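Thanks for coming. I have one structure to go through today, and I will keep to what can be read from the coordinates.

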Amino acid sequence: MDVEHIHLDEFSHLQSPFHRFDPRVKIVSCLILLVIAVTLKSPVGLGAALFTTCLMIVVSRLPVGRILKRIALIIPFVLAIGLFLPFIRSGTPLYSFNLGLFTLHVTSQGLQGSILFFLRIICAALLIILVTFTTPFHVLLRSLSDLKIPQIFTHLIQFSFRYFFVLFDEILRMQRARRSRNFRPAKSILSRRTLGTIGGLIGVLFIRSFERGERVYYSMMSRGFRGEIHLLDDLQIKTKDFILGVIIVLLGVTILLIDQGGWGWPLAWR
Amino acid sequence: MAACLEIEDLYFRYHDGTEALKGVSLSIQKEEKVAILGPNGAGKSTLLLHLNGIHLPQQGVVCVGGKEINPDNEHQVRSKVGLVFQDPDDQVFSPTVWDDVAFGPLNMNLERAEIEKRVADALRAVRMWEFRSRAPHHLSYGQKKRVAIAGVLAMDPEIIVLDEPTAFLDPSGQEDLFEILENLHREGRTVIIATHDVDMAAMWATSIIILKEGQILAQGTTELLVKEDLVEAAGLRFPLISQVFEEAAVSSGQPLPRTVKEGKKLLFKLTKH
Ligand SMILES: Nc1ncnc2c1ncn2[C@@H]1O[C@H](COP(=O)(O)OP(=O)(O)OP(=O)(O)O)[C@@H](O)[C@H]1O
Ligand SMILES: [Mg+2]
């Protein structure tokens, strides 16, 4: 298998207070912080949230380079939306484009909104990266089902993750098989032959996945599966975890207060 | 010796109308090493899925330990008969190796200490203990295969069934597998494999079953593997050793050797005078 496999949790075996943090408390407290972060309305509040998140990342000793790489993945999406925002909010125009038929205004309210939006997303992404990078994948799934997330969801994630690689290898093999018989995609994807071949590929992939699913189910039944995956309960919440969780939540609440206190807004923007 | 597995007049038809099994009857004794051979599409995999109640007979009877498999006892049967699938990707689904091997024992509602012991024993038996916290999708094919076998071993079944266990394994992987199978047999388990590997069947099995087009062509010892008409009808070939010694054995009136060991003996006999 010649695919470079993606490791979601390659740094999860480092040592740091954040790695030793009970995953369930970690998930809940970071989730609360995340919800707070995306509701913030002032640059100061968001700055504080971003600062807190970065501090936690430093504490967790994750390699900054890799985190930036992950963040870079979402930036195009964020930018695409962020670039529209300045135009669609009404308010004081800062700059106008005349496009003949109509005029586009960049408003200062829109610009603020777009910057806030950008910061919110970055902050949320950093928090998610923090949790997923410091928790082994299977522990993360375990914790989710401990947190009473219905098994159907955790199973869905687990199986998607597990069979993504199998499916990916399968696509690759099929592609190679077509290429070795001299299939060349036409210049345009809309060419009949190309479309037909790709359609066939998708169809075969669908059937293969379906059959694979059936065999996986048979093999699970063979080992006594009756509709529920049992787990050993071996995680324990210690006082230490509890305190750390409370600290994170309190930080979040403080940030929220700063944000709503009103004194942050004029300070930064006027 | 008692028959631990008996099948009588078994028919099975897939929903698309393919008749995969057409009146299969066979009986397997305790502690036997059985190889089921037959061309592609003969119905081997379909037959194996009947051995632990994944497919229930549409017609006919499958008995394990003297009891007929039916919808009421299919779950008990599955802890008695362990089935290792051909493609380990079909079987090894958990996020870590340890979790996957523990899946079966957890379904059996065993005590925690017992589960841990079984998982450790099974992983050591296939020499995968060092990999216990790895994710299966980052393992090699042979390693996944071992995990799949460990997952079945941990359920401590009396009968172990493997579908094409040597397929896609490298020579040393095949050697290891052979050793694992021998150990299982030494522990007093019945081992059944479906295979295309005639040489392995000749060397390893105590009993041979030849299947073709959903019917049993023959059941007997490894002698079946050098019966010319049978081998031809089943789309098989002679074991390599038998091919090498074919003329020599015939002209000297000796029985045709089937394994390397027998071949060496014959060679020694022939060269002494
Ligand atoms: N899910 C299915 N649906 C319909 N027909 C099937 C299905 N699985 C197998 N068959 C058909 O049943 C027959 C027996 O198939 P089976 O897989 O048991 O053969 P096999 O002896 O294991 O072959 P191989 O050596 O290729 O693994 C074949 O004709 C096959 O096409
Ligand atoms: Mg098969």
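I will start with chain B as a whole, go on to its salt bridges and backbone, and end with the surface of chain A.

One thing before that: this is a predicted model. Please keep that in mind for every value I give.

Chain B, then. Its secondary structure comes to 11 helices and 10 strands. The radius of gyration is 20 Å, close to the 19 Å that the globule rule gives for 273 residues, so chain B is as compact as a globular protein of that length. If you lay the C-alpha trace of chain B along its principal axes, it spans about 65 × 45 × 35 Å. As for burial, 53% of the 273 residues of chain B count as buried.

Next, the salt bridges. How many are there over all chains? The count comes to 22. I will go through three of them in chain B, and then a network.

The first one on my list joins R78(B) and E74(B), with the closest N and O atoms 3.1 Å apart. Both residues sit in helix α2 of chain B, which covers residues 74-80. They are four residues apart, about one turn of the helix. R78(B) is buried, and E74(B) is buried as well.

The next pair is K144(B) and D89(B), whose side chains meet in a salt bridge at 3.1 Å, N to O. Which parts of the chain does this pair tie together? K144(B) lies in helix α6 of chain B and D89(B) in helix α3, residues 88-91, so the bridge links parts that are 55 residues apart in sequence. Are these two residues buried or exposed? Both K144(B) and D89(B) are buried.

The third pair is R189(B) with D156(B), where the closest N and O atoms are 2.8 Å apart. R189(B) is in the loop between α7 and β8 of chain B, and D156(B) is in the loop between α6 and β7, so this pair ties together parts that are 33 residues apart in sequence. The two partners differ in burial. R189(B) has a relative accessible area of 12% and is buried, whereas D156(B), at 41%, counts as partly exposed.

Now the network. Salt bridges that share partners join E170(A), R173(A), R212(A), R215(A), D87(B) and D90(B) into one network. So that you can find them on the display, the names marked A belong to chain A and those marked B to chain B.

Let me stay with D156(B) for a moment, now for its backbone. Its phi is near 50°, a positive value in a residue other than glycine. The loop that holds D156(B) runs between α6, residues 141-153, and β7, residues 159-163.

E164(B) is another case: it has a positive phi of about 45° although it is not a glycine. Where does E164(B) lie? It is in the loop between β7 and α7 of chain B, with α7 covering residues 171-186. E164(B) counts as buried because its relative accessibility is 14%, and the cut-off for buried is under 20%.

That leaves the surface of chain A, with two patches to look at.

One patch carries positive charge: R20(A), R61(A), K238(A) and K240(A) gather there on the surface. Of these, R61(A) is placed in the loop between α3, residues 43-59, and α4, residues 64-88, of chain A. R61(A) is exposed, with a relative accessible area of 57%.

The other patch is nonpolar. L94(A), Y95(A), F97(A), L111(A) and I115(A) form it, with about 470 Å² of accessible area together. Which elements supply at least two residues each? They are β1, residues 93-98, and α5, residues 108-134, of chain A. The largest share, three residues, comes from β1(A). I115(A) is found in helix α5, and at 38% relative accessibility it counts as partly exposed.

Helix α5 of chain A also holds Q109(A). Q109(A) counts as partly exposed, at 32% relative accessibility. Between Q109(A) and A177(A) there are 55 Å in space, C-alpha to C-alpha, and the two are 68 residues apart in sequence.

That is the end of my list.

Notes
Residues are numbered from 1 along each chain as its sequence is written. Chains are lettered from A and ligands numbered from 1 in the order in which they are written. This is a predicted model: local features need pLDDT of at least 70, side-chain atom pairs count only at pLDDT 80 or more; totals for chains, interfaces and linings use all residues. Side-chain values use heavy atoms; hydrogens and water are left out. Patches are made of residues with over 30% relative accessible area and no salt bridge: like charges are joined within 9 Å, nonpolar side chains (Val, Leu, Ile, Met, Phe, Trp, Tyr) within 5 Å. Accessible areas come from the Shrake-Rupley method with a 1.4 Å probe; for residues, only the protein chains shown count as cover. A salt bridge is a side-chain nitrogen of Lys or Arg within 4 Å of a carboxyl oxygen of Asp or Glu. Lys and Arg count as positive and Asp and Glu as negative; His and the chain ends are not counted. The place of a charge is taken as NZ of Lys, CZ of Arg, CG of Asp or CD of Glu. Buried means under 20% relative accessible area, exposed over 50%, partly exposed in between (1.4 Å probe, protein chains only). The radius of gyration is taken over C-alpha atoms; the globule rule is 2.2 Å times the number of residues to the power 0.38.
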